[in-house]
Amino acid sequence: MAAVSFSAAAAHLGHRSRSTLYRLKDAGLLGDHLRPGGKGGAQLLELQPEGLPTLRDWVRGILREQTNSPTANLPPAPAAGSGAAAEGPDPAAVAQGLAQLVAGLPEDAIPALNVSKERKEHYLAELARLEALQRRGELLPATEVRHEAMATARMVRDQLLAMPHRIASQLAAEMDARACHRLLDSEINQALLGLCRQLEGLEQQGAAADG
């Protein structure tokens, strides 16, 4: 495919302007896709160079790498004993790195200011809702839920594993299949009743905590 201008390449990639492509060119990241011969000596871009990734795939990969590496443009941390503060990176350097990251995104990937504010307000409201649910006892910590679930599962497991030892001799002495069925049915029902009692106890504890 013939080389096209930066404006045409930006339109082909779905960008609102060609500024992203110029920024990548100035950084030396489009060298294999650049071609001479534009109007007035301007450089062109090859959309599908032979033996190389397409321009779309190449640019998308660069932008994805920049997006997934927010600290890629940050200065290295000061070495130990250099006299720099040890509590963390310089806030000004972090802000500069984030600004470079945003500048590296295509225009259509940067949300408008009102969209960013709406997202912030949404997550603040969601955080407040979760905190209110937790105070009312309607939301339990995940660690507590996992602990109680594991305890209940262990109880049922122990009852089921003990069943063969407890009734093996009785089953061996029985000659009637119906009697064996009744014995097994009774043992399983006892294990399930124990599980129900365990769950009811947890529910009562939660109700008492709410009161």
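From the N terminus on, the elements of the protein follow the order α-α-β-β-α-α-α-α-α, in a model that is predicted.

**Exercise 1.** State how many helices and how many strands make up the secondary structure of the protein.

*Solution.* Reading through the order α-α-β-β-α-α-α-α-α, one arrives at seven helices and two strands.

**Exercise 2.** Decide whether the distance between the end C-alpha atoms of helix H6 agrees or disagrees with the span expected for its 32 residues.

*Solution.* Helix H6 covers residues 142-173, and at 1.5 Å a residue its expected span is 46 Å. The end C-alpha atoms of H6 lie 48 Å apart, which agrees with that expectation. A further feature of H6 is a bend of about 50° at isoleucine 167, and Ile167 is also one of the buried residues of this helix, together with Thr152, Val156 and Met163.

**Exercise 3.** Classify the geometry of the aromatic pair formed by phenylalanine 6 and tyrosine 22, and say for each ring residue whether it is buried, partly exposed or exposed.

*Solution.* The structure holds one aromatic pair. Its ring centres are 4.5 Å apart and its planes stand at 0°, so the pair formed by phenylalanine 6 and tyrosine 22 is stacked, given that planes under 30 degrees apart count as such. The pair links distant parts of the chain, since phenylalanine 6 belongs to helix H1 (residues 6-13) and tyrosine 22 to helix H2 (residues 19-26), 16 residues apart. Phenylalanine 6, with 4% relative accessibility, counts as buried, because the cut-off is under 20%, whereas tyrosine 22, at 31%, is partly exposed.

Methods. Residues are numbered from 1 along each chain as its sequence is written. This is a predicted model: local features need pLDDT of at least 70, side-chain atom pairs count only at pLDDT 80 or more; totals for chains, interfaces and linings use all residues. Side-chain values use heavy atoms; hydrogens and water are left out. Helices (H or I, at least four residues) and strands (E, at least two) are DSSP runs, numbered from the N terminus. The expected span of a helix is 1.5 Å times one less than its number of residues. The bend at a residue is the angle between axes fitted to the seven residues ending there and the seven starting there. Buried means under 20% relative accessible area, exposed over 50%, partly exposed in between (1.4 Å probe, protein chains only). Rings of Phe, Tyr and Trp (its six-membered ring) pair if their centres lie within 6.5 Å; planes under 30 degrees apart count as stacked, over 60 as edge-to-face and the rest as tilted.
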